[in-house]
Amino acid sequence: MTHYQSKHSYILKLKYLSKSDYTEKKAQEQWDEAVEQINSYAVAPRVEALRQGTQLHKIIIQFCGWDMIKMREV
């Protein structure tokens, strides 16, 4: 694996809901699950080793159909 000099590392979590399945409640439940997942990824020993002291950014992007409905750094 090649490492490039950088001050930042990123974990991106993409979540998708079909338009027919979309409700506010389902979207919120999916978002909450994504937050739990990305936080667990961030503390994994392999991620800590790969980030090599860089600032870690955890970004979640949620889609409904083709539309992005939410994007946040958590």
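How many salt bridges does the structure hold? There are four, and we will visit several of them on a walk through this predicted model. Before that, let us get to know the framework that carries them.

Start with the sheet. It is an open sheet of three strands, arranged in the order E1-E2-E3 with mixed pairing. E1 and E3 are the edge strands, each pairing on one side only. From one strand to the next, the twist averages 20°.

Now look at each pairing in turn. Strand E1, residues 8-17, runs parallel to E2, and 10 bridges join the two. You can pick out individual partners along this seam: Leu12 has Ile59 as its bridge partner in E2, while Lys15 is partnered in E2 by Gln62. On the other side, E2 meets strand E3, residues 67-73, in an antiparallel arrangement with six bridges. Here Ile59 appears again, this time with Glu73 as its bridge partner in E3. Ile59 is therefore a handy place to pause, since it has a bridge partner in E1, namely Leu12, and another in E3, namely Glu73.

Strand E2 itself covers residues 55-64 and is mostly covered, with eight of its 10 residues buried. Follow E2 onward and you come to the hairpin that it forms with E3, where two residues sit between the strands. One residue to look for in this hairpin is Gly65, which takes a positive phi near 65°.

Next comes the helix. H1 lies across E1, E2 and E3, and it runs at about 150° to E1.

With strands and helix in view, we can return to the salt bridges. Side chains of opposite charge can pair when their charged atoms come close. One such pair is Lys15 with Glu33, whose closest N and O atoms are 3.7 Å apart. This pair links distant parts of the chain, for Lys15 belongs to strand E1 and Glu33 to helix H1 (residues 24-42), 18 residues apart. The two partners sit in contrasting surroundings: Lys15 is buried, with a relative accessible area of 14%, whereas Glu33 is partly exposed at 41%.

A second pair joins Lys19 and Asp67, with 3.1 Å between the closest N and O atoms. Lys19 lies in the loop between E1 and H1 while Asp67 is in strand E3, so this salt bridge ties together parts that are 48 residues apart in sequence. Lys19 is exposed, with a relative accessible area of 54%, and Asp67 is partly exposed, with 41%.

The helix has a pair of its own. There, the side chains of Lys25 and Glu29 meet in a salt bridge at 4.0 Å, N to O. Why are these two separated by about one helical turn? Because they are four residues apart in helix H1. Lys25 is exposed, with a relative accessible area of 61%, and Glu29 counts as partly exposed at 46%.

Finally, go back to strand E1 and find Leu14. Is Leu14 buried or exposed? With a relative accessible area of 56%, Leu14 is exposed, because that value is over 50%. Its neighbour in sequence, Lys15, is buried at 14%. In a regular strand the side chains alternate between the two faces of the sheet. Leaving aside its neighbours within four places in sequence, Leu14 is in contact with Ile61 and Phe63. As for Val35, it is 21 residues from Leu14 in sequence and 11 Å away in space, C-alpha to C-alpha.

Technical notes:
Residues are numbered from 1 along each chain as its sequence is written. This is a predicted model: local features need pLDDT of at least 70, side-chain atom pairs count only at pLDDT 80 or more; totals for chains, interfaces and linings use all residues. Side-chain values use heavy atoms; hydrogens and water are left out. Buried means under 20% relative accessible area, exposed over 50%, partly exposed in between (1.4 Å probe, protein chains only). Two strands pair if DSSP finds at least two bridges between them. Contact means heavy atoms within 4.5 Å. Axes are lines fitted to C-alpha atoms, for helices over the stretch in contact, and angles run from 0 to 180 degrees between N-to-C directions.
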